[in-house]
Amino acid sequence: QAKAMGKNNVRFFDPSMQAALEFRTAMETDLRHALMHQQFILHYQLQVSALGDPIGAEVLLRWRHPGRGLVSPLDFIPLAEETGLILPIGLWVLETACKQIAVWASDPVKSGMQLAVNVSARQFRHTGFVEDVTRILHETGANPILLKLELTESVVLEDVSIVIEKMHAIKKLGVGFSMDDFGTGYSSLSYLQRLPLTQLKIDRSFVHNLPDDVNNANIVRTIISLGGSLDLNVIAEGVETEQQREFLLQAGCLAYQGYLFCKPIPIEEFDEFISNRQYLKKPDSPRSEIQV
Ligand code: C2E
Ligand code: MG
Ligand code: MG
Ligand code: MG
């Protein structure tokens, strides 16, 4: 716009703002083409039980940008939400995950593993979401029980009753719901009780300095006991050390995800990881002493 007003006009932007705007515009153009050019891939991050057994994986989106390499979802999901591109992208993620569930159905180890898919607020609020999930499950033949949708607390900021209605419709299909990044948002206990959730996921910001940080240790214990009261299972994300796992286990959290067990990796590596039973090769974890 500034250009169109003529050379003698004062520019509205300072150079850094101008650069930021140009960057954003370029990213948006690239993002519009990314699906068509098959630049998205999914990484799978293992989730394990207290016994160290694989129970599932979280599906994490990455963008293989031709010039910028592997772009983190943190750097393009907000733009995808703003532009509405999250809708087709989200459908692609859901469809790819469901296809994977269907492929795993014939595998002795992986047939029981749940896949957790992140759903952004905008995607969930979209009117066709329930129909989309229904159709994708049908088309892929994925067992709905093995699909879990991760919502964040921001989903419930408006229209709580509509959100609850939609969740019930999807839960009827057999699909589970995990409240992602739990503890970082605005959950009120009154509606938390009304949401048909199956899981609370403790945010990694509470996990990373366990067990030393007394505040976070207390928050984590509180979330675990809240999960117990609401009859929800609890999983911790961002578990990086044996000390953290030990604390969580003692506090009653029986499912974990984090670099301690496995980083998010492409499907070929993930398959190999499971087939080679690499998840058992943790030298210092006293698995045999764990009673669940
Ligand atoms: P999230 O759903 O909370 O995912 C967990 C994030 O923690 C992932 O980051 C994962 O790589 C990272 N992580 C896992 N274990 C550890 C650990 O032990 N230590 C540390 N430091 N980090 C760990 P990632 O893959 O960069 O994803 C960031 C966020 O982007 C996700 O947070 C999620 O909100 C969003 N996202 C990812 N994929 C999708 C998607 O398909 N759709 C939507 N709407 N959002 C997505
Ligand atoms: Mg998540
Ligand atoms: Mg999370
Ligand atoms: Mg998070």
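A salt bridge, as the term is used here, is a side-chain nitrogen of Lys or Arg within 4 Å of a carboxyl oxygen of Asp or Glu. Welcome to a predicted model, in which local features need pLDDT of at least 70 and side-chain atom pairs count only at pLDDT 80 or more, while totals for chains, interfaces and linings use all residues. Residues are numbered from 1 along each chain as its sequence is written, chains are lettered from A and ligands numbered from 1 in the order in which they are written, and side-chain values use heavy atoms, with hydrogens and water left out.

**View 1. Arg135 has salt-bridge partners in Asp132 and Glu139.** Let us begin in helix H5 (residues 129-140), where Asp132 and Arg135 sit three residues apart, about one turn of the helix. Helices (H or I, at least four residues) and strands (E, at least two) are DSSP runs, numbered from the N terminus. The Asp132 and Arg135 side chains come together at 3.3 Å, N to O. Glu139, also in helix H5, is four residues from Arg135, and the closest N and O atoms of this pair are 3.5 Å apart. Asp132 is buried, at 16% relative accessible area, Arg135 is partly exposed at 35%, and Glu139 is exposed at 51%. (Buried means under 20% relative accessible area, exposed over 50%, partly exposed in between, with a 1.4 Å probe and protein chains only.)

**View 2. Lys110 and Asp271 join distant parts of the chain by a salt bridge.** The structure holds 10 salt bridges, and in this one the N to O distance is 2.9 Å. Lys110 belongs to the loop between H3 and S4, while Asp271 is in helix H11 (residues 267-275), 161 residues apart. Lys110 is buried, with 6% relative accessibility, whereas Asp271 is partly exposed at 23%. What else does Lys110 touch, not counting residues up to four places away in sequence? Besides Asp271, Lys110 touches Trp104, Ile274 and Ser275, where contact means heavy atoms within 4.5 Å.

**View 3. Three acidic residues hold the magnesium ion (ligand 3).** The protein donors are Asp180 (OD), Asp181 (OD) and Glu237 (OE), at 2.0 to 2.3 Å from the ion. Donors are N, O and S atoms within 2.8 Å of the metal (3.2 Å for Na, K and Ca); water is not among the atoms, so sites may look incomplete. Along the sequence, the donor residues follow the spacing D-D-x55-E. Asp180 also bridges to the magnesium ion (ligand 2), and the two ions lie 3.7 Å apart. Asp180 is buried at 6% relative accessible area, while Asp181 is partly exposed at 23%.

**View 4. Ile202 is one of the residues that touch the most other members of the largest nonpolar core.** A nonpolar core is a set of buried Ala, Val, Leu, Ile, Met, Phe, Trp, Tyr and Cys residues joined through side-chain atoms within 4.5 Å. This one has 83 residues, and Phe124, Leu149 and Leu248 share that distinction with Ile202. Helix H3 (residues 86-104) gives the largest share of this core, eight residues. Leaving aside neighbours within four places in sequence, Ile202 is in contact with residues including Phe182, Val207, Val220, Glu237 and Leu248.
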